[in-house]
Amino acid sequence: MKGALMGWFKNLFSTRTVAPIEPVEVKPNEGAPTAQVDDDADPSRMHLLGLVAKESGRTAVSLELLSAAAAAGYVPAMLDVGLLVEDRGPDDPAVRWWRQAADAGSSVGMFNLSIHYRREGNAEQGLFWNRKAAEAGDPDAMLGLAVQCIDDADIPEALHWTSLGSSAGKSELIPLHELLQRAANGDTLVMREFAASLQQSSKEQSAILWLTMASRCGDVGALPTLQEIMGEEAFFDWFLAKEQRSNVAVMEMTLSVAEDDRE
């Protein structure tokens, strides 16, 4: 079971937690006719024709049709024209369209923005839009947010999103939810499995959080790995502070009992 769990965790906690959006290079085809867009054309029909043109390799026509439909306020076209023009640069033109879609309430637009900002190294904006997308009902965003909560060792919040995501059709969250429930009930072996998976993904600080949690639940088996990650000096400083807190708590309890006896 352990080997199967480790393989599953390794896939889940890879550095990219969501599937990347593949860019499409826009190049007008030589001799290709441009689209004739009527001012009163149905945006949904323009969107459909734009997708057909894209599939047939007529990217210039596709871009014209999709842009017209998006400019008319058709949200699915905003998402698709964003994918068509995405260049993954600092001034990515796709952001404009995804932001418009997000402002119109599209959870997909919000999630695409979260991917863009994380790819640019803006973790704060990435998390902001990931949370917005999850709150708007996007299952992929719920998975991403659950993984973020696991990085933070926030079991209650992770359980919340794995439960919602499972109900929204993200079936891979079901076993994760069950493992989190076991951890919430004090299963230190599961806590150490989370830590091992996070450590393999180069998330040492997150692994420390889970190992510390396991040690506080009385699992001394977590201590050697903690020492390995933290380093000997930092580990012993942490351990001594932990023991001092424990001794203070015992002393306070003893004094309280003594006072009760005197009364």
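**View 1. Arg 192 and Asp 219 meet in a salt bridge.** Their side chains come to 3.1 Å, N to O; a salt bridge here is a side-chain nitrogen of Lys or Arg within 4 Å of a carboxyl oxygen of Asp or Glu. Arg 192 sits in helix 11 (residues 188-200) and Asp 219 in the loop between helix 12 (204-216) and helix 13 (223-230), so the pair ties together parts 27 residues apart in sequence. Helices are DSSP runs (H or I, at least four residues), numbered from the N terminus. This is a predicted model: local features need pLDDT of at least 70, side-chain atom pairs count only at pLDDT 80 or more, and totals for chains, interfaces and linings use all residues. Residues are numbered from 1 along each chain as its sequence is written, and side-chain values use heavy atoms, leaving out hydrogens and water.

**View 2. Arg 119 and Glu 86 form a salt bridge too.** Here N to O is 2.6 Å. Arg 119 lies in helix 6 and Glu 86 in the loop between helix 4 and helix 5, so this pair joins parts 33 residues apart in sequence. Glu 86 is buried, at 3% relative accessible area, while Arg 119 is partly exposed at 24% (buried is under 20%, exposed over 50%, partly exposed in between, with a 1.4 Å probe and protein chains only).

**View 3. Helix 5 (residues 94-103) has buried residues, including Trp 97 and Trp 98.** The buried residues cover an arc of only 165° around the axis (taken from the directions from the helix axis to the C-beta atoms), which puts them on the same side of helix 5. Over on the other side, Arg 96 and Asp 103 are exposed.

Note on methods: Helix = DSSP H or I, 4+ residues; strand = E, 2+ residues; numbered from the N terminus.
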